[in-house]
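Me: Can we go through the charged contacts in this one together? I'd like to start with how you label exposure.

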Amino acid sequence: MLEKEDIVLQILEFIATVDWKKVASPGYPLQVFEITIRHFAGMISAWDLLHRPFSAMAQDATLRQALYDQMVALGDVLCCAFDAPSGVPRGFINPSTCEGNPDSRTSVAAVGPIILRFARLSDITNDEKYVNLARKAESYLLWPKPSSGEPYPGLLGSCVSVNNGKIMDSGGSWGAMSDSFYEYLLKAYIYNSDEYGYYLERWLIAVDSTIANISSHPYGRPDLTFLSNWNGPGHVDHRIESLAWFAGGNFILGGMVTGNQTLVDYGLSIADAAGAVYQMTTTGLGGEFVSWTTTCPGFPKGETGICVFNNAIQRSDGGFRLRSEVLETWYHAYHATKDPKYTEWSWAAFEAIDRYCRTDTGFSATKDVNAEDGGGKTDTQESFVLAEVMKYVWLTQLEDKNAPYHVQDGRAGIKNTWVFNTEAHPFLVAGPPV
Ligand SMILES: *[C@@H]1O[C@H](CO)[C@@H](O)[C@H](O)[C@H]1NC(C)=O
Ligand SMILES: *[C@@H]1O[C@H](CO)[C@@H](O)[C@H](O)[C@H]1NC(C)=O
């Protein structure tokens with residue numbers, strides 16, 4: 001593996017210069033969710049990596065202290081978000097005044113991921129104040145009220161009131177507004193299995209409901225699983241957005257941790273659905289929104305004619321926003337099966353990204369996965385391209401299969417000593433490894 005210490009030093013030197021209270025200009029407050037998963041988790045992960053597998057790098061005590069101080073300083077800025085009546089964090093804060101935005105609601109996805117980062121900061125600093133804030137906020141999601149906010153057992157609406165912690169609607173998905181909540185029910189448990197057993201219980205209830213009520217198989221391919229959006233009990237919409245594809249990896253991870261083959265297989269059927277969606281386009285990349293039908297599209301029942309699986313899949317938004325979730329799911333699928341098709345798919349997607357998205361200065365989202373040239377570039381590149389897209393491709397191809405931070409397979413008796421965050425930042429596990 002290439003260990004480029006000069007780059008690490010350059011990053012640490014930059015981190016030392018940031019003033020978190022000044023980063024927002026008027027009208028552009030910090031978005032708590034994005035700052036938590038990107039900057040805050042990135043620093044915590046750097047801290048953990050530099051203390052364990054890469055302890056020989058960047059030994060400069062001043063730079064290491066600066067990383068620690070900046071991690072704590074940003075944690076303290078993020079604490080401003082919790083100054084709401086319920087203790088549910090506000091979605092945006094102004095770091096110079098420590099005031100939250102007055103919106104009365106936030107998303108369940110924004111509340112969920114706080115637990116892992118704040119628990120880790122408390123464990124590193126020996127200061128319980130961070131994890132206590134996160135636990136209070138999360139309690140509203142673990143014991144949701146009113147009952148309309150939990151339309152299926154374990155599956156919630158998407159908005160939560162910062163005034164009273166109530167769930168405000170019955171519509172959700174494994175995608176935007178909700179995704180991280182389900183992701184961290186499992187990952188909080190992996191992080192500390194002694195402390196977060198109830199989070200795992202809730203995750204198992206959520207995946208049971210997902211299997212029974214939310215997922216479906218497109219016409220002609222019972223082996224492929226897609227996850228619908230829900231809108232109240234009994235109402236699902238056969239539509240999946242690109243962010244929701246992480247669920248395949250999350251099911252696989254949970255199946256490996258609990259030794260449940262049903263969950264691993266289910267996650268693999270989601271990973272394979274993503275593969276089918278990518279392979280049916282001109283560019284070999286998947287669109288932002290895909291919908292599907294479960295009956296023979298356009299044909300009366302029983303009459304098969306030229307009815308094929310491809311007709312059952314539609315793209316309602318064919319843009320490619322350089323999302324990483326499918327690559328994340330294939331990384332987990334590879335580790336659960338060692339099936340080379342997942343490393344091949346991951347590499348093919350990387351080559352397609354290189355071909356259709358590369359610009360002189362970086363990579364750009366593109367407009368149409370079914371156009372010969374990708375439909376044109378949108379001139380946008382988010383930080384997750386480097387943090388996640390490239391990292392998951394690299395991790396999937398990594399020859400050092402024994403690297404400690406990989407996901408591990410509990411079915412083979414191997415336990416996780418690291419847990420990946422949303423932006424593919426690994427954290428050191430604190431509790432008994434599972
Ligand atoms: C495995 O997971 C499935 C789906 O959640 C569940 O129905 C089943 O009871 C689990 N099996 C075991 C042995 O826990
Ligand atoms: C969810 O699926 C289970 C098992 O098929 C069924 O008993 C239950 O009624 C479904 N719930 C809803 C709200 O549709």
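Reply: A residue is called buried under 20% relative accessible area and exposed over 50%, with partly exposed in between. Please keep in mind that this is a predicted model.

Me: Okay, so where does Lys 129 fall, buried or exposed or in between?

Reply: Lys 129 has a relative accessibility of 40%, and because partly exposed covers the range between the two cut-offs, that is the label Lys 129 receives.

Me: And which residue does Lys 129 form a salt bridge with?

Reply: The partner is Asp 76, with the closest N and O atoms 3.2 Å apart. This pair links distant parts of the chain, since Asp 76 belongs to helix 3 (residues 61-79) and Lys 129 to helix 6 (residues 129-142), the two being 53 residues apart. Asp 76 also counts as partly exposed, at 33% relative accessibility.

Me: How many salt bridges are there in the whole structure?

Reply: A search of the whole structure gives 15 salt bridges. One of them pairs Arg 38 with Glu 382, where the closest N and O atoms are 2.9 Å apart.

Me: Where do Arg 38 and Glu 382 sit in the chain?

Reply: Arg 38 is in helix 2 (residues 32-51), while Glu 382 is in the loop between helix 12 (340-356) and helix 13 (384-397), so that the salt bridge links distant parts of the chain, 344 residues apart.

Me: What about accessibility there, is Arg 38 buried or exposed?

Reply: Arg 38 counts as buried because its relative accessibility is 17%, which is under the 20% cut-off. Its partner Glu 382, at 37% relative accessibility, counts as partly exposed.

Me: Switching topic, what do the side chains of Asp 223 and Arg 221 do?

Reply: They meet in a salt bridge, with an N to O distance of 2.9 Å. Both residues are partly exposed, Asp 223 at 40% relative accessibility and Arg 221 at 29%.

Me: Which residues are joined into one network by salt bridges that share partners?

Reply: Glu 288, Asp 317, Arg 321 and Arg 323 are joined in that way.

Me: Last one, back to helix 2: what can you say about Glu 34, which lies there?

Reply: Glu 34 counts as partly exposed, at 23% relative accessibility. The C-alpha atoms of Glu 34 and Phe 92 are separated by 9.8 Å, although these residues are 58 residues apart along the chain.

Definitions and conventions:
Residues numbered from 1 in each chain as written. Chains lettered and ligands numbered in written order. Predicted model: local features only at pLDDT ≥ 70, side-chain atom pairs only at ≥ 80, totals over all residues. Heavy atoms only, no water. Salt bridge = Lys/Arg side-chain N within 4 Å of Asp/Glu carboxyl O. Helix = DSSP H or I, 4+ residues; strand = E, 2+ residues; numbered from the N terminus. Buried < 20%, exposed > 50% of the residue type's maximum accessible area, 1.4 Å probe, protein only.
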